[in-house]
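Let us ask how the empty spaces in a protein model get their names. Each answer sets a value against a definition.

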Amino acid sequence: MQRRSWRRILHSAFCILHFAAVAAASQLSVDKRTLSLDDSLTITLTLDDAFASADVPQLPLQNLSLDGAPSQSTSFEWINGQSSRRKILRWSAHPLVAGGALIGPVVVHGEGGQVETLPRIAIDVLPDRAMQLTDPDAVLHELLATGRDPIFILAECDRKEVYAGEEVVVTWVLYNGTNVEQYGLAELPKLDDFWAEELDVRNEQPQQVNLGGTMVQRVPIRRVALFPLRSGALVVQPLGIHGAIMRQVRGPSDPFGMFEGTVVEVHRRAPPLTIVARPVPPGPPVAAVGDISLNCSMPLQQNGGPVVVDVTMSGRANLRAVPPPKFAKAIDGSVQIVEGKLSVDRTREDATMTRRWRYLLFPAARGMFAVPPLTSAILTPAGERRELRCEEHVIPVERAAEEAPARTATPSRNV
């Protein structure tokens with residue numbers, strides 16, 4: 001009898017614990033309440049029973065950014081005629097700036113109109129000194145001194161002071177002294193103050209560099225040609241990556257240590273980069289800023305039609321909105337300007353734009369026809385105004401009647 005009584009007591013205790021677990025409310029939790037600026041945290045949402053079939057709720061976040069969609073797991077149990085369901089959602093998130101961060105409150109809706117509000121969670125984000133450094137040796141030293149994995153990103157530019165509209169190339173470089181399993185871009189900076197042209201870095205080969213006695217791998221992960229749209233101190237916001245690295249269990253002296261370890265997630269962000277865009281110096285207006293050339297074809301008339309001049313402007317400059325070059329003086333006739341295709345060469349270490357126009361000139365009379373010089377004013381990177389010029393040509397022509405302008409043509413009589 002005594003043995004049966006103990007069995008009944010144990011069974012009753014088990015049932016009480018089980019029913020208590022079944023009746024437990026949904027829960028919002030995190031794996032840490034304090035983290036550094038380059039760290040990440042895991043947010044876990046547990047939904048039980050009536051709430052297990054609910055849709056994935058929105059996570060109200062302050063000073064945190066999710067690294068993607070949540071992972072999801074579900075379970076179902078049937079014990080002594082009692083069923084229970086559970087759904088667990090896990091997000092990975094990283095902080096944006098040092099200071100406080102908040103998660104929630106989260107409102108979940110269950111079956112039968114049930115509603116539950118999970119209280120918010122406060123997080124402390126500690127400032128990271130490594131985010132204030134721009135020298136690779138100093139960044140690596142800071143990471144090693146604070147016991148963190150030697151992997152980081154820096155933004156490098158070919159010049160930090162330009163004129164508004166002038167091209168500057170920014171490259172984000174990954175320095176890696178760990179065993180990286182995988183990584184991907186998790187945070188792309190907004191470039192509202194720039195016109196941006198993406199440059200291809202897929203064929204860039206990793207390099208081994210020595211930083212303070214430690215060999216690390218250096219590889220560009222993104223390169224952009226930027227053209228400031230206004231003057232002032234313009235900030236290029238951080239670029240972030242989210243990756244998984246193999247952290248060795250054994251010491252570096254163990255020859256088999258590289259084959260054993262644990263995979264951990266890391267999040268790294270490059271420090272912000274400030275580019276000073278100077279205003280264009282006072283004076284006559286300029287069409288563009290940069291290293292630019294202007295080329296014109298020889299004027300040619302065929303079968304009594306219009307005189308055709310093909311004009312090409314090219315260089316390291318933003319030519320998307322550049323106006324067509326103008327004739328230095330009026331011509332004896334009329335002009336139509338047909339917009340050509342704009343192309344961007346992104347295969348080099350910078351972006352070179354090429355803009356094309358076709359000038360159709362309609363001589364008013366037969367005889368010798370003067371095609372005046374074509375000119376365009378630019379500002380060089382040295383801050384000097386310069387006139388691009390195609391020289392005058394005089395050719396014999398037949399009188400040509402002006403054609404109706406095409407859709408892409410810009411008619412003008414004295415350009």
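Ala, Val, Leu, Ile, Met, Phe, Trp, Tyr, Cys and Pro count as nonpolar, Asp, Glu, Lys and Arg as charged, and the others as polar. The model is predicted.

Q: How are the residues lining the largest cavity divided by class?
A: Eight are nonpolar, five are charged and none is polar. Take the residues nearest the centre: Ala130, Met131, Val139, Phe152 and Arg269. Ala, Met, Val and Phe are on the nonpolar list, whereas Arg is on the charged list.

Q: What makes the largest cavity a cavity?
A: A 1.4 Å probe fits there but cannot get out, so the space counts as a cavity. The volume of the largest cavity is about 100 Å³, and 13 residues line it.

Q: Which elements supply at least two residues each to the lining of the largest cavity?
A: They are helix H2 (136–145), strand E12 (151–157) and strand E21. E12 gives the most, with three residues.

Q: How many cavities of 30 Å³ or more does a search of the whole structure find?
A: It finds two. The second largest holds about 40 Å³ of space.

Q: What makes one residue in the lining of the second largest cavity polar?
A: The lining is Arg159, Glu166, Glu167, Gly290, Asp291, Arg316 and Pro381. Gly counts as polar, so Gly290 is the polar one. Pro counts as nonpolar, so Pro381 is the nonpolar one. The other five are charged.

Q: Why is the largest pocket called a pocket and not a cavity?
A: A pocket is an open set of points, whereas a probe in a cavity cannot get out, so the two names differ. The largest pocket has a volume of about 270 Å³.

Q: What lines the largest pocket?
A: There are 18 lining residues, with Asp39, Asp149, Arg247, Glu265 and Val266 nearest the centre. Strand E3 (41–48) and strand E21 (261–269) each give two or more residues. E21 has the largest share, with five. By class, nine lining residues are charged, six polar and three nonpolar.

Q: How do you know which parts of the model to read with care?
A: Where pLDDT is low, the predicted coordinates should not be read in detail. The mean pLDDT of the protein is 84, and 86% of its residues reach 70 or more. Over residues 13–24 the pLDDT is below 50, and this stretch has 13 contacts beyond near neighbours in sequence. Residues 406–415 also have pLDDT below 50, with 28 such contacts.

Notes: Residues are numbered from 1 along each chain as its sequence is written. This is a predicted model: local features need pLDDT of at least 70, side-chain atom pairs count only at pLDDT 80 or more; totals for chains, interfaces and linings use all residues. Side-chain values use heavy atoms; hydrogens and water are left out. pLDDT is the predictor's confidence in each residue, from 0 to 100. Contact means heavy atoms within 4.5 Å. On a 1 Å grid over the protein atoms alone, a cavity is a set of points where a 1.4 Å probe fits but cannot get out, and a pocket is an open set with protein on both sides within 12 Å along at least five of seven lines; lining residues have an atom within 4 Å of a point. Grid points are joined across faces, edges and corners, and a volume is the space filled by probe spheres set on the points. Helices (H or I, at least four residues) and strands (E, at least two) are DSSP runs, numbered from the N terminus.
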